[in-house]
Each structure stands twice: as structure tokens, then as C-alpha cells.
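Visitor: I'm new to this one and would love a close look at a single part of it. Could you pick out how the charged side chains pair up and walk me through the strands around them?

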Amino acid sequence: MKKLVILGAGTAGTIVANRFKRVMDLDEWQITLVDPDPIHYYQPGFLFIPFGMYTKKDVIKPKRDYISAPLTLIQSAVEEVDPVQRIVHLANKQTLSYDYLIIATGTDIHPEETPGMAEHEWGKSIHSFYTLQTSVALNQMLHGWEGGRLVVNVVENPIKCPVAPLEFIMLADWHFHKHGKRDRVEIIYATPLPGAFTKPVASRLLGELLERKNIHVEADFMIERVEPDAKKIVSYDEREIEYDLLVTVPLNKGAEFIARSGLGNELNYVPVDQHTLRARAYDNIFVLGDASDAPASKAGATAHFAIDLFTENFLRYVEGHELKPYFDGHANCFIETGFGKGLMIDFNYDQEPLPGRYPLPGIGPLTLLEESEFNHWGKLMFRWMYWHLLLKGMEVPLPSEMSMSGKRMV
């Protein structure tokens with residue numbers, strides 16, 4: 001039997017395993033997933049926990065609900081990969097040989113990488129919403145917070161879900177309005193980007209939206225350190241921003257075993273061909289989801305679109321055919337803007353987000369770069385789709401490659 005090992009049973013790993021379960025001859029393939037955590041987290045839901053919109057039970061389910069025979073799930077961390085011998089060494093002392101390896105171990109926050117961030121004020125005046133634990137702690141903090149200066153800071157890109165900091169800021173604006181505190185809260189977004197977002201059109205429109213909400217954007221802010229006792233962040237060019245509450249998106253990095261195995265770059269992301277997702281150094285290793293250095297958005301929708309195209313491509317490849325450069329970096333994201341509204345962006349490697357309608361040209365029903373209540377409900381409905389369709393490897397009737405139909409050039 002051919003052996004396929006998938007490292008990581010999060011979004012990308014689970015989707016691709018269940019997709020293969022549907023289309024592969026499992027009398028000929030042995031598929032093994034490896035992950036140390038028995039819990040599957042609906043990570044987009046972490047954003048809502050600080051504001052009481054979701055609770056812990058809304059975002060967790062057992063991994064074994066989604067990974068069943070003939071798939072095998074091994075609960076262990078990965079110690080190291082030997083890509084020459086084609087062996088995975090696990091922390092539980094087990095070894096796995098493979099014919100093909102898929103790395104889908106994602107990315108995680110590392111507050112300890114920024115001086116002063118992960119010290120005695122972490123969890124007190126310094127918070128994050130990128131893990132379940134930190135989201136719950138931030139909910140408790142906001143529940144009794146009476147106001148002051150809220151600073152939301154991104155340490156460095158790339159980050160998981162690039163729009164999440166913007167969503168947090170706008171949900172915070174709504175939250176403080178709802179609780180009669182907005183006049184007592186100053187909100188600052190300190191970002192290393194030159195504007196509110198990475199692409200010019202979206203950056204301008206989102207910047208205007210933040211300005212209307214009285215949210216100040218401190219652009220090109222490359223944080224060098226946090227001074228937790230003085231409650232301020234300092235940039236490399238010595239700009240200082242004082243805060244009463246700092247909500248940070250710490251440095252994101254890939255898994256440590258990638259560094260130990262000599263497979264990654266300085267942030268532990270595996271270099272890949274951005275259109276096939278095959279590792280540049282090894283022709284039998286592929287990287288899905290957030291673990292690669294592909295310049296695509298690190299988001300669940302991106303993984304979903306990539307896997308739609310990857311599955312058929314991989315099956316052709318193992319039969320001896322060349323990989324097709326199918327994946328165009330397609331991503332789309334709902335952006336919560338508060339007050340029961342949201343907007344959506346749709347883009348890829350080459351095309352920036354533009355206004356328009358999605359997925360049906362001229363009809364929608366989702367609006368691109370324009371607020372609507374339908375977009376807000378679309379974001380909330382996505383949780384059901386995630387648990388009941390995507391993780392089970394089922395097809396979702398959305399185009400995997402980006403289309404310009406329905407978009408307006410501006």
C-alpha cells in the first residue's frame with residue numbers, strides 16, 4: 001500500500017483527508033493524520049468570544065468526530081521529519097514512513113518574540129484573541145473595563161486571517177457603543193502596513209470606514225518592544241504609543257519541527273511552488289493551509305479553495321503526470337464591521353479586492369467592499385458550513401479560482 005502521512009489535523013489537514021477518503025481507493029492507500037491536540041477549534045469564532053457573541057462551546061469539537069476509519073489519527077506532536085529517509089519521528093517515540101507527506105500544521109502566535117510582550121502584564125493589560133485561552137481572558141477583561149485607550153497592534157506580517165485585527169477593532173467600536181462607553185474609549189490601530197490593509201483599493205475604502213468610526217490608524221508602525229510598566233509600545237523608529245489596554249497580534253510562525261527538520265524559512269514556513277503547493281526542496285512533500293510560504297492569505301477559505309484544486313492535481317501526479325499550476329491564491333473573507341453588518345473581499349495573487357457582487361455577478365447576494373446585513377449573517381452562517389460541510393470534505397458550490405465577473409474596476 002502507498003502511505004500518505006498528513007501532519008496536522010486542523011482545517012486543512014482534516015478537509016484534505018476527508019476529501020481523499022471520498023476519492024481514493026483506500027485498498028491501495030493508507031492515510032495517517034498526526035496531531036497532538038484532541039480538540040478541533042473553529043478559529044474564526046475566537047474573534048467573537050471577547051464580545052460575548054460566542055462562547056467556548058461554540059468553537060470546539062472532538063477531532064475524532066471528523067476523522068474516522070479507514071483514516072488513522074495519531075495523537076502526538078511531531079519531533080522531526082527526515083525527508084531523505086522519508087520518515088516522521090513523533091514525540092511519542094513512534095516513527096512513520098511515508099511515500100507522500102502533507103504538512104498542514106498551520107501557524108501560531110509567539111508573543112515571547114517581542115521584548116516585553118509576554119512578561120508580567122500578559123493577560124492583564126496585554127491581551128490577544130488568536131487562541132481560545134486568550135480570547136476567553138479578553139472577554140473577562142472587557143466585561144469590566146470602563147474605558148481608556150485601546151491599542152490594537154499587529155507585530156509583523158504574514159498573520160493568520162489578515163482581516164481579523166480590523167474586525168476586532170470594528171466589533172470593539174460597536175461593543176462600546178452598545179454598552180454606552182464609546183465616548184470613554186479611544187481606539188488606535190497600530191499596523192506595520194502603510195494603511196488599513198495590504199491592497200490599495202481595499203486599504204482606502206477600509207481606511208475611510210475606520211475614519212468614520214473615529215478609529216485612528218497609525219501606519220508603518222514596526223514594533224520593536226513593549227514597555228509593560230510604562231504601558232506603551234515603541235517602534236523601531238522610536239515612535240511611542242501609550243495604552244491602557246493593548247490587544248496584540250503577536251508574531252506568527254510555523255511549527256518548530258519544521259525548523260528542526262531543515263524544511264522552513266526564518267518563520268518556519270515551508271517554501272513551496274505557489275501554484276502547486278509542492279515543497280521546492282522535495283517532490284513528495286506538499287504543504288496546505290497556513291504552513292507554507294505561499295503569498296496567499298492565511299485563512300480557512302484559502303485552504304478550502306486550494307484543496308479543491310489540489311485533490312485532483314495530486315491524484316494525477318501520483319499516476320505519473322506533471323502537476324498543473326492550478327492554484328491562483330484565491331481567497332475571500334467576510335469582514336465584520338459592527339452594528340449587525342459586514343462586508344466581503346474576494347481576491348487572489350494578482351488581483352486586489354474590488355467592489356461588486358459575489359458569487360453571482362450583479363446578483364450577489366453578497367456585496368464586495370460594501371457593508372450589508374446579509375454579509376454579517378453570511379459570516380455567522382459559515383460556522384454551520386464549516387462543521388457540517390467543509391470539515392467532512394464535501395463540495396461547496398463556490399468557484400475555487402477567482403473570477404472577475406461581478407467586480408467593478410475603480
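Visitor: How many salt bridges does the structure hold?

Guide: Keep in mind as we go that this is a predicted model. The structure holds 21 salt bridges. Side chains of opposite charge can pair when their charged atoms come close. Let's take a few of these pairs and see what sits around them.

Start with Asp58, which forms a salt bridge with Arg383; their closest N and O atoms are 3.7 Å apart. Asp58 sits in the loop between strand E3 (39-41) and strand E4 (60-62), while Arg383 belongs to helix H7 (residues 373-390), so this pair ties together parts that are 325 residues apart in sequence. How covered are the two partners? Asp58 has 15% relative accessibility, so it counts as buried. Arg383, at 24%, counts as partly exposed. The cut-off explains that split, because buried means under 20% relative accessible area.

Next, look at Arg239. Its salt bridge partner is Glu218, and here the closest N and O atoms are 2.8 Å apart. Arg239 lies in the loop between strand E16 (232-235) and strand E17 (240-242), whereas Glu218 is in strand E14, so the pair ties together parts that are 21 residues apart in sequence. With a relative accessible area of 25%, Arg239 is partly exposed.

Stay in that neighbourhood and find Lys232. Lys232 forms a salt bridge with Glu240, with 3.1 Å between the closest N and O atoms. Lys232 counts as buried at 14% relative accessibility, and Glu240 is partly exposed, with a relative accessible area of 45%. These two also belong to a wider group: Glu224, Arg225, Glu227, Lys232, Glu238 and Glu240 are linked in a network of salt bridges.

So what do the strands look like here? There is an open sheet of three strands in the order E15-E16-E17, and the pairing is antiparallel. Strand E15 (223-227) and E17 stand at the edges, each with a single partner strand, so one side of each is left without a neighbour in the sheet. From one strand to the next, the twist averages 20°. E16 and E17 run antiparallel and are joined by three bridges. Lys232 turns up again in this pairing, standing opposite Glu242 in E17.

Now go back to Glu218 in E14, and follow the strands from there. E14 (residues 215-218) pairs with E13 in the parallel sense over four bridges. One matched pair to look for is Ile188, whose bridge partner in E14 is His216. To get from E13 to E14 the chain crosses through helix H4 (residues 200-212), and this β-α-β crossover is right-handed.

Strand E13 (residues 185-190) is mostly covered, with five of its six residues buried. E13 also pairs with strand E12 (residues 148-154), again in the parallel sense, over six bridges. Leu150 is the residue opposite Ile187 in E13. The chain passes from E12 through helix H3 (residues 164-178) to E13, and this β-α-β crossover is right-handed too.

From E12 you can step across to strand E18. These two pair in the parallel sense over five bridges, and Val151 has Leu246 as its bridge partner in E18. Strand E11 (residues 126-127) pairs with E18 as well, in the parallel sense over two bridges. There, Ile126 has Leu246 as its bridge partner.

What about the surroundings of E18 itself? Five of the five residues of E18 (residues 245-249) are buried, so this strand is largely enclosed by the rest of the structure. In a regular strand the side chains alternate between the two faces of the sheet. In E18 both faces are covered: Leu245, Val247 and Val249 are buried on one side, and Leu246 and Thr248 are buried on the other.

To retrace the route in the viewer, begin at the salt bridge between Arg239 and Glu218. Then go from E14 to E13, on to E12, and finish at E18.

Notes: Residues are numbered from 1 along each chain as its sequence is written. This is a predicted model: local features need pLDDT of at least 70, side-chain atom pairs count only at pLDDT 80 or more; totals for chains, interfaces and linings use all residues. Side-chain values use heavy atoms; hydrogens and water are left out. Buried means under 20% relative accessible area, exposed over 50%, partly exposed in between (1.4 Å probe, protein chains only). Two strands pair if DSSP finds at least two bridges between them. A crossover is right-handed if, with the strands pointing away from the viewer, the path from the first strand over the helix to the second runs clockwise. A salt bridge is a side-chain nitrogen of Lys or Arg within 4 Å of a carboxyl oxygen of Asp or Glu. Axes are lines fitted to C-alpha atoms, for helices over the stretch in contact, and angles run from 0 to 180 degrees between N-to-C directions.
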